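Biologist: Please take me through one part of this model slowly, and then show me what else is worth a look. I'm new to this, so plain words are welcome.

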Amino acid sequence: MKRLWTLLSMVLLAGCTTPTLRGSADLGVVIERASGQLSLVDTSRREVYARIGGLGDLSHASVVFARDGRYAYVFGRDGGLSKVDLLEARIVKRVLQSGNAIGGAISQDGRIVVAQNYTPGGIKAFDAETLELLSEVPAEYAPGNFSKVVGLADLAGQRFAYALFDGGEVWISDFSDPRQPQTQRYPAGLQPYDGLVTPDGRHYLAGLFGEDGVALLDTWRSEQGTRRILGNYGRGEEKLPVFKMPHLRGWSMAQGNAYLPAIGRHEVLVVAGSNWQEIAHIAVKGQPVFVMARPDGRQVWVNYAFPDNGWVEVIDTLSGKIVKTLAPGRAILHMEFTPRGEQVWISARDDNRVLIYDTATFTKLGELEVQAPSGIFFTSRANRMGF
């Protein structure tokens with residue numbers, strides 16, 4: 001009888017579905033902007049392994065990751081903040097934290113998730129484990145006047161830097177005590193429209209929409225305030241109608257230089273990271289939107305605004321020349337490199353495809369069917385400042 005029960009147990013166990021065991025370091029998500037869904041992807045297998053719906057308005061969504069890469073925090077345009085378990089392929093929790101939001105960030109220690117909001121203006125900090133609201137910093141730049149917040153980026157020491165579009169300022173909020181954050185304010189210029197932090201976390205840059213130039217803040221010596229750099233960078237220098245203002249997150253640092261899209265021009269600008277002076281400009285096929293450096297810094301991949309948004313060009317940073325022109329599909333919106341840069345994944349929104357290319361040979365390795373894909377985010381971002 002004992003032997004019979006043993007055999008029966010083995011049969012029953014064999015009939016059970018064994019869960020797929022995965023690590024999280026080679027996973028990622030693709031935003032399906034029209035459907036409010038995420039496609040969960042495995043970059044080693046080059047496949048979609050699950051889809052998750054119910055994430056609200058993802059027309060301008062962004063994602064950050066827990067430090068172990070297991071959880072994705074999805075910031076929707078409708079103010080939704082969703083915590084997604086990539087291993088179990090499910091929504092852990094979702095909160096509607098504002099009326100109109102545009103991205104977020106996660107703290108250096110991974111314990112605090114911060115959302116930046118248009119309505120109401122300001123930032124809100126949440127416990128990364130539970131999504132409990134810890135505190136909020138209203139962007140009240142003058143009595144009764146609240147600003148849209150843009151360009152939120154994490155800094156060392158539980159700090160976050162961000163820009164106030166209406167207030168013309170850069171703020172740094174310190175969440176060392178997450179329920180009582182301390183904020184410092186710095187003048188920036190007219191209408192800062194986006195911001196970024198350099199890979200080492202030292203310099204915060206805010207691009208200006210209302211005037212030429214970029215506001216630079218040395219966060220290691222923030223008492224010195226901001227200074228203006230790249231005085232000819234902005235709308236005053238545009239040579240063509242601006243079809244899409246590039247996000248500053250489309251800038252890249254490679255080999256000690258910054259590569260950035262020239263607003264309203266068919267050029268990529270090269271700026272020395274040592275003194276923030278322009279040292280070269282590279283003619284390209286259209287108005288650049290994203291100028292993305294491969295992790296080793298040897299290549300920079302560029303996509304474009306309409307009507308040239310079917311093209312991608314590759315710049316070799318050693319020669320400063322374009323070495324490859326690709327036509328991956330219609331409406332190329334975003335690119336993302338695998339952690340060590342051997343592949344690049346490219347979203348072609350109007351073809352409902354994500355294309356995968358070998359960055360050494362430029363050979364197409366495969367494609368995935370994804371509905372109206374836009375942003376592509378891999379878990380390797382969990383280990384990078386400002387991502």
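Modeller: Let's start with one pair of residues: V344 stands opposite Y357 in β32. Before going on, a word on the model: it is predicted, and local features need pLDDT of at least 70, side-chain atom pairs count only at pLDDT 80 or more, while totals for chains, interfaces and linings use all residues. Residues are numbered from 1 along each chain as its sequence is written, and side-chain values use heavy atoms, with hydrogens and water left out.

V344 belongs to β31, the strand I'd like to dwell on. A strand here is a DSSP run of E with at least two residues, numbered from the N terminus, and two strands pair if DSSP finds at least two bridges between them. With that in hand, β31 and β32 (residues 353–358) pair in the antiparallel sense over six bridges. Four residues sit between these two strands in their hairpin, where N352 takes a positive phi near 55°.

β31 has another partner: β30 (residues 332–337), running antiparallel to it and joined by five bridges. Here H334 is the residue that stands opposite S347 of β31. These two strands form a hairpin as well, with five residues between them, and in the turn G341 has a positive phi of about 85°.

Now, what about the surroundings of β31? Six of its six residues (343–348) are buried, so the rest of the structure largely encloses this strand; buried means under 20% relative accessible area, exposed over 50%, and partly exposed in between (1.4 Å probe, protein chains only). In a regular strand, side chains alternate between the two faces of the sheet. In β31 both faces are covered: on one side Q343, W345 and S347 are buried, and on the other V344, I346 and A348 are too.

From the partner strand β30 we can move on to aromatic rings. Rings of Phe, Tyr and Trp (its six-membered ring) pair if their centres lie within 6.5 Å; planes under 30 degrees apart count as stacked, over 60 as edge-to-face and the rest as tilted. By this rule there are seven aromatic pairs. In one of them, the ring centres of F160 and F175 are 5.7 Å apart and the planes are at 85°, so this pair is edge-to-face. F160 is in strand β15 and F175 in the loop between β16 and β17, so the pair ties together parts 15 residues apart in sequence. Both F160 and F175 are buried. For W301 and F337 the centres are 6.3 Å apart and the planes at 80°, so this pair is edge-to-face. Here is the link back to β30: F337 lies in that strand and W301 in β27 (residues 299–304), 36 residues apart. W301 and F337 are both buried. Elsewhere, F165, Y193 and F209 make up one aromatic cluster.

The strand that holds F160 is part of a sheet of its own. It is an open sheet of four strands in the order β14-β15-β16-β17, with antiparallel pairing. At its edges are β14 (149–155) and β17 (182–187), each with a single partner strand, so one side of each has no neighbour in the sheet. In the middle, six bridges join β15 (residues 159–164) to β16 (residues 169–174), and A161 stands opposite I172 of β16.

An open sheet of four strands also appears earlier in the chain, in the order β4-β5-β6-β7, and it is antiparallel. Its edge strands, β4 (62–65) and β7 (90–96), pair on one side only. One of its residues is A72, found in β5. At 0% relative accessibility, A72 counts as buried. Leaving aside neighbours within four places in sequence, A72 is in contact (heavy atoms within 4.5 Å) with V63, V64, F65, S82, K83, V84 and L86. Along the chain, A72 and A327 are 255 residues apart, and their C-alpha atoms are separated by 31 Å.
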